Amino acid sequence: MQHGPAVRRRKLGAELRALRTSAGLTSGEAARLVGWHQSKVSRIETGTSGVKPADVRLLLDAYGVTDSQLRELLMMLAGSDENGGRHHWWHAYRGVLPPTYRDFISLESQAGAMRTLETSVVPGLLQTPEYARAVTRAAVEGLPEDRLATLVEVRLARQDVLRADPPLQLSAVLDEAVLRREVGGPGVMARQLERLVEAARLPQVRLQVLPFTAGAHIGVTGPFVIFSFSSTSDLDVVVLDHLTSSLYLERKEDLQAYTEAFNALQIHALSPEDSLDFIAGTAAGA
């Protein structure tokens, strides 16, 4: 269990090591191809030191990697600003956003799919501006108005991943408490529920409600997010949010445990069709 940047270094290093092995090269041979000392390749592969995007590009060229999606993803993990910065708009907020949040956004921007269990609030990617403002104000007491506005702006900008080409595939299981908790007042909540109904009809969004009648379930331990990447499952990661930080789980056994937990939650939750009706009914009675 590590903080985001350390996980990214380790995942990047592991993937580069696998690509080198597939190319039939030793670390020493790879180092000679790019004009480095063998110890630099070893440090990169073990994640003990950072690596520049330019260095990743050299290694990928040396290993004959031509898959553009994989190259883009690995460059992103190294902090690349390629593609006109399209995937790095959050860098403009470096002075406002903590590193773990920036890391979360970068993973979200490159992931092919996102599975999330929410037990208290609507997922950030589906929040209305008013709801996002109310949640942010409650989460961080005494926040100045300008900083509050900036954090809400970032929350809304993140939602572009659902309109990208291709869009992020979002699967969300919402505890009924998410729909019942009145955030921001009746008017704000009514509009938020309408937004969920709209989102549930999108082909890239799968929403399921876990009703109170389902009783105790594996998700009572708290919310979580699973990011999956189309290029390689080795880069998949689980994110757990805490009050002051986020933790990233990368071990295969952790990924398997959370994947199985999410699958179980989907089985116990209402179907997407019934969930849509449930949300619409809740909105009508709000």
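This is a short tour of one protein chain, starting with the whole model and ending at a pair of helices.

**Stop 1: the whole chain.** Keep in mind that you're looking at a predicted model. Show everything as a cartoon: you should find 12 helices and six strands. The radius of gyration is 21 Å, close to the 19 Å that the globule rule gives for 286 residues, so the chain is as compact as a globular protein of that length. Turn the chain along its principal axes and picture a box around the C-alpha atoms, roughly 70 × 45 × 30 Å.

**Stop 2: inside and outside.** Switch on the surface. About 13600 Å² is exposed, with carbon and sulfur atoms supplying 52% of that area. How many of the 286 residues count as buried? The share is 50%. Now think about who touches whom: take the contacts between residues at least 6 apart in sequence, and 71% of them join residues at least 24 apart.

**Stop 3: two helices side by side.** Select residues 68-77, which is helix α5, and residues 99-110, which is helix α6. Two packed helices are described by the angle between their axes and the distance between the axes. Here the angle is about 175° and the axes are 11 Å apart. Because an angle over 145 degrees counts as roughly antiparallel, α5 is roughly antiparallel to α6.

**Stop 4: the contact itself.** Show side chains for Glu72, Leu73, Met76 and Leu77 on α5, then for Ser106, Leu107 and Gln110 on α6. These residues make the contact between the two helices. Try colouring them by type: you'll get four nonpolar, two polar and one charged.

Methods
Residues numbered from 1 in each chain as written. Predicted model: local features only at pLDDT ≥ 70, side-chain atom pairs only at ≥ 80, totals over all residues. Heavy atoms only, no water. Axes fitted to C-alpha atoms, helices over the stretch in contact; angles between N-to-C directions. Helix = DSSP H or I, 4+ residues; strand = E, 2+ residues; numbered from the N terminus. Parallel < 35°, antiparallel > 145°, perpendicular 65-115°, else oblique. Contact = heavy atoms within 4.5 Å. Nonpolar A, V, L, I, M, F, W, Y, C, P; charged D, E, K, R; others polar. Rg over C-alpha atoms; globule rule 2.2 N^0.38 Å. Buried < 20%, exposed > 50% of the residue type's maximum accessible area, 1.4 Å probe, protein only. Areas by Shrake-Rupley, 256 points an atom, 1.4 Å probe, with all protein chains shown as cover.
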